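Below is a set of questions on how terms are applied to one protein–DNA model. Each reply sets a value against its cut-off.

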Amino acid sequence: MSTDKNCLIDIWHLLSCTWFKIQIEIMPVYTDQDPLNMEKWLPKTRQSIPLHTLTEQSECAGKYVKGKVVFKGPLLHIGNHLKYLLKSVIQEDVPKQSQASNNISINVVLFGGLAKDFSHAVNQGDTVVLSGFTVSPSPTFMKDQLHHCNLHLDGTEANVHVCAATAPTVGTSGASATVLSAPAKYVYVPLNTLKHGSQVNVYGVVTFFKLPFPTKGTDYCSTLKLTDPSGATVSCTIFCENQENHPKIFKAGDVIRLHRVKAQMFGGSMTLVTCWGWSALTFDGTVGSPVVPRTDKSFHFSEEDRHRVMELRKWAAHELSVLREPTVPLSAVVPRQYFDFTCQLLAKACLDSACTLLKVWDGTRCRYPFPTIPVEPGTLEGEIPAGTNTQNLIADVLVYDNHVEVAQALKPGMFLCIYNLHAVPQMVAGEACTVQEVLSFHLHGGTSYGRGLCALPTSSPDVSKLQRALQSCAEQMEGDMDSSWDDLTWCTASQLSNGVIGECPTVRKCTHTLQKVSLAHVKSSSPPEMFHVKAQVKSYQPKRLYQCLKLFCSQCKTIEEIPDPETLRARFGQAVRDTRPCRAAWADSLTTDTEDPSRQITLHVSSKSPADSDPKLIFVQGASFDDICHLSSDEEFMIPVKSSRGKLAFLDSMVPFLFRGKRQFYGCRQCSVRKFVKSVEGLEEGNEKSISEALGLQLMEYVLVMKFELDDGTATLEALLLEDSKDNFFHVSADDLSHSQEAQEKMQKIMDSLHPPDGSTLQCPWLELCLSLYAVGENGKSEVHCQIVNTQIKESPVDR
DNA sequence: TTAGGCTTGG
């Protein structure tokens with residue numbers, strides 16, 4: 001990718017638009033733009049059936065329901081992982097005063113490929129039209145009070161049409177969510193005013209917490225103790241099936257917002273328990289740290305909410321100063337102490353089914369020596385840097401029983417908080433028959449005192465503090481000639497993860513011999529320059545694949561949006577209005593009537609057609625957009641034409657000038673020289689490129705444009721990703737993405753692996769990337785942009 | 001439905 005091209009293609013502004021006016025069908029979930037006119041997709045015989053009138057006895061053949069998605073569950077794999085299931089709740093649009101009536105929301109269960117497509121194409125807040133469903137009694141009616149029936153969508157009859165919401169949705173939840181049809185104004189009650197049996201929204205500061213642990217039922221449970229300026233302290237119990245969807249609390253002092261939780265008296269104290277539709281947002285409690293909720297999901301958050309979080313932080317800092325005690329560094333640990341420990345994992349080893357060893361450090365040295373814990377050769381995952389001066393610096397933590405599962409999921413390089421770690425003193429034989437006191441560290445089984453461990457996000461202020469301590473420690477050890485600690489960047493997560501955290505899914509294809517640098521370094525550099533970095537994808541946009549595709553003219557370098565089908569219908573409609581007969585001397589023509597008496601379709605085929613084996617060229621006059629889509633097959637190229645001053649002319653404005661099966665090709669408005677059709681003879685190759693050249697039109701190529709937010713712990717950086725004929729990150733051509741479901745699924749799968757839809761950044765793999773930093777000038781102003789170049793996803797043998 | 005804080009004992 002040349003810098004020139006970068007300068008010419010200023011696509012940045014295109015990406016700043018929240019919604020793009022393009023659509024591509026992802027079968028069998030169809031996308032649409034206008035929520036009021038979605039029924040146009042359906043056969044005219046289909047009738048609407050309002051949700052509140054739907055019963056088990058309703059005749060559903062030929063019917064459809066329409067509603068807003070108020071809850072979208074995760075995509076579940078059943079059995080051998082090849083079958084899918086997804087549960088959603090839709091709510092019909094009824095006048096506000098009628099919303100008290102029952103049965104306006106209904107559970108929808110989708111199966112198979114439809115569930116998978118729904119998961120990708122539909123978001124909470126979108127409007128959907130469902131058809132081809134079956135009705136069954138709702139087994140959860142007593143619990144959720146939604147609707148007596150459930151809708152099941154399975155098999156080839158079932159269809160979903162979706163119209164994306166135009167604004168972020170309101171409300172979110174780990175377990176389930178209720179999205180109100182109008183923006184909700186939440187009322188938060190002080191913790192000293194809770195009434196038994198009421199459903200409330202509250203803000204609170206966490207004074208105690210237990211990480212999620214499995215219950216005897218189906219859920220994980222986490223317990224919190226909350227307080228607020230009212231002085232009340234209430235216990236709160238969270239039930240949620242997925243550990244990841246529990247509120248992310250890392251330390252006492254964190255701030256939490258809870259929506260739709262139930263107040264209950266238990267043992268003489270008021271408690272809060274989650275109920276259907278609950279949601280939570282959590283925030284770091286540090287005064288002055290960014291007010292960013294720890295969630296990847298959409299949420300409703302106003303300026304007033306931001307203010308509340310900041311006020312609670314200030315209040316807690318003054319009134320609950322005991323909470324602000326930092327975790328204990330290794331240098332301050334004393335024998336027999338139970339303490340919370342923030343550290344980085346260097347290596348781990350499974351000792352037996354009930355015990356995992358973690359080798360960790362926090363950049364400080366313990367006052368007591370550590371015992372040596374033997375590890376079977378080859379069982380240690382991770383690397384311990386060589387050196388002679390590591391005494392009392394790297395601690396062995398023995399993790400027991402219920403915590404082993406969490407420990408086994410950790411990867412070297414991660415930052416951890418270990419809660420209620422026990423410093424166990426042991427007397428061992430020292431030199432010359434002396435006895436020496438050493439400290440070993442045990443995370444015992446059970447959850448008393450909040451015992452447990454979790455990975456911390458790199459955005460946490462505690463991690464920033466830890467990173468500074470690690471950096472400073474590494475600097476101090478620089479003088480140790482025998483050590484590998486003198487690489488100052490060693491202690492950053494990205495360097496440590498090199499070859500340690502799983503396999504890197506990307507590979508650089510360039511020949512640069514560049515030293516790897518941090519994103520902070522890239523950000524402080526001046527363009528033009530190339531860099532090699534290692535980073536994670538913190539977020540990306542657009543989220544929907546069909547919003548990433550654009551049209552690009554390699555001649556004039558302009559980028560255009562792809563018109564949506566409705567726009568194309570309108571443009572065709574105008575162009576085919578004039579159906580006066582038009583004959584070309586070079587062609588054989590055939591005219592047929594259509595259902596519309598005012599319109600005829602004429603097909604013109606060159607009498608000197610290219611060789612029989614080549615795809616045929618058929619010029620189609622008077623056809624609507626839908627006609628052409630219907631007529632087009634892989635066997636021939638179709639060129640829509642109109643009559644203009646007695647001659648055959650191409651349709652003007654932005655419509656495809658060439659159709660072949662599901663593929664549609666556009667010409668560049670600026671660079672196409674010809675308006676009228678001339679005979680096409682002697683075509684040597686029957687492909688879109690040679691045909692467009694012969695027709696005198698400049699073919700536009702499909703390109704894929706995305707923006708990644710990269711993070712390597714030192715900084716975040718927005719980088720553009722362009723998939724075109726030169727750069728091929730996904731190994732999927734943008735042209736294929738425009739029409740092939742297989743290509744669309746492949747790319748979605750890759751994006752899900754780079755940034756799991758429901759995961760935290762910690763679960764994102766580290767990517768080796770080549771970055772190009774360049775300046776784009778416009779009206780005397782210059783902006784610095786960054787682009788991922790020369791980088792490809794590694795292909796697995798199965799994908800090839 | 002589940003849990004309803006309050007130290008292992010390696």
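Q: Why is Asp305 called buried?
A: This is a predicted model, and in it Asp305 has a relative accessible area of 4%. Buried means under 20%, so Asp305 counts as buried.

Q: What makes Arg257 buried or exposed?
A: Its relative accessibility is 3%. The limit for buried is under 20%, therefore Arg257 is buried.

Q: What makes the contact of Asp305 and Arg257 a salt bridge?
A: The N to O distance between the two side chains is 3.3 Å. A salt bridge requires a side-chain nitrogen of Lys or Arg within 4 Å of a carboxyl oxygen of Asp or Glu, so the pair qualifies. The pair links distant parts of the chain, with Asp305 in helix α5, Arg257 in strand β14, and their positions 48 residues apart.

Q: Why is Glu303 called exposed, and why is Arg306 called partly exposed?
A: Glu303 has 52% relative accessibility. Exposed means over 50%, so Glu303 is exposed. Arg306 has a relative accessible area of 33%, and partly exposed covers values between the limits of 20% and 50%, so Arg306 is partly exposed.

Q: How do you know that Arg306 and Glu303 meet in a salt bridge?
A: Their N to O distance is 3.4 Å, and the cut-off is within 4 Å. Both residues lie in helix α5, 3 residues apart, about one turn of the helix.

Q: Which residues are joined into one network by salt bridges that share partners?
A: Asp254, Asp284 and Arg294 are joined in this way. Within it, the closest N and O atoms of Arg294 and Asp254 are 2.8 Å apart. Arg294 and Asp254 are both buried. The structure holds 20 salt bridges.

Q: Why is the pair of Tyr186 and Tyr188 called tilted?
A: The ring centres are 6.5 Å apart and the planes are at 35°. Stacked needs planes under 30 degrees apart and edge-to-face needs over 60, so this pair is tilted. Both Tyr186 and Tyr188 are buried.

Q: What makes the pair of Phe370 and Phe441 edge-to-face?
A: The angle between the planes is 75°, and edge-to-face means over 60 degrees. The centres are 5.7 Å apart, with the limit for a pair being within 6.5 Å. Phe370 lies in the loop between β17 and β18 and Phe441 in strand β21, so the pair ties together parts that are 71 residues apart in sequence. Both rings belong to a cluster that also includes Phe339 and Phe341.

Q: How do you know that the charged end of Lys543 sits over the ring of Tyr540?
A: The charged end is 3.8 Å from the ring centre. The distance limit is within 6 Å, along with an angle limit of 35 degrees from the ring normal. Lys647 lies over the face of Phe676, at 4.4 Å from the ring centre.

Q: What makes Thr215 a polar contact of DNA strand B?
A: A polar side-chain atom of Thr215 lies 2.9 Å from a base oxygen of the strand, and a polar contact needs N or O atoms within 3.5 Å. Tyr449 places a side-chain N or O atom 3.1 Å from a base oxygen, and a polar backbone atom of Gly445 is 3.2 Å from a base oxygen.

Q: How many residues surround DNA strand B?
A: The number is 25, and Asp219 and Arg451 are among the closest. They divide into 8 nonpolar, 10 polar and 7 charged.

Methods:
Residues numbered from 1 in each chain as written. Chains lettered and ligands numbered in written order. Predicted model: local features only at pLDDT ≥ 70, side-chain atom pairs only at ≥ 80, totals over all residues. Heavy atoms only, no water. Near = heavy atom within 4 Å. Polar contact = N/O pair within 3.5 Å; in protein donor to acceptor, adjacent residues only side chain to side chain. Nonpolar A, V, L, I, M, F, W, Y, C, P; charged D, E, K, R; others polar. Buried < 20%, exposed > 50% of the residue type's maximum accessible area, 1.4 Å probe, protein only. Helix = DSSP H or I, 4+ residues; strand = E, 2+ residues; numbered from the N terminus. Phe/Tyr/Trp six-rings, centres within 6.5 Å; stacked < 30°, edge-to-face > 60°.
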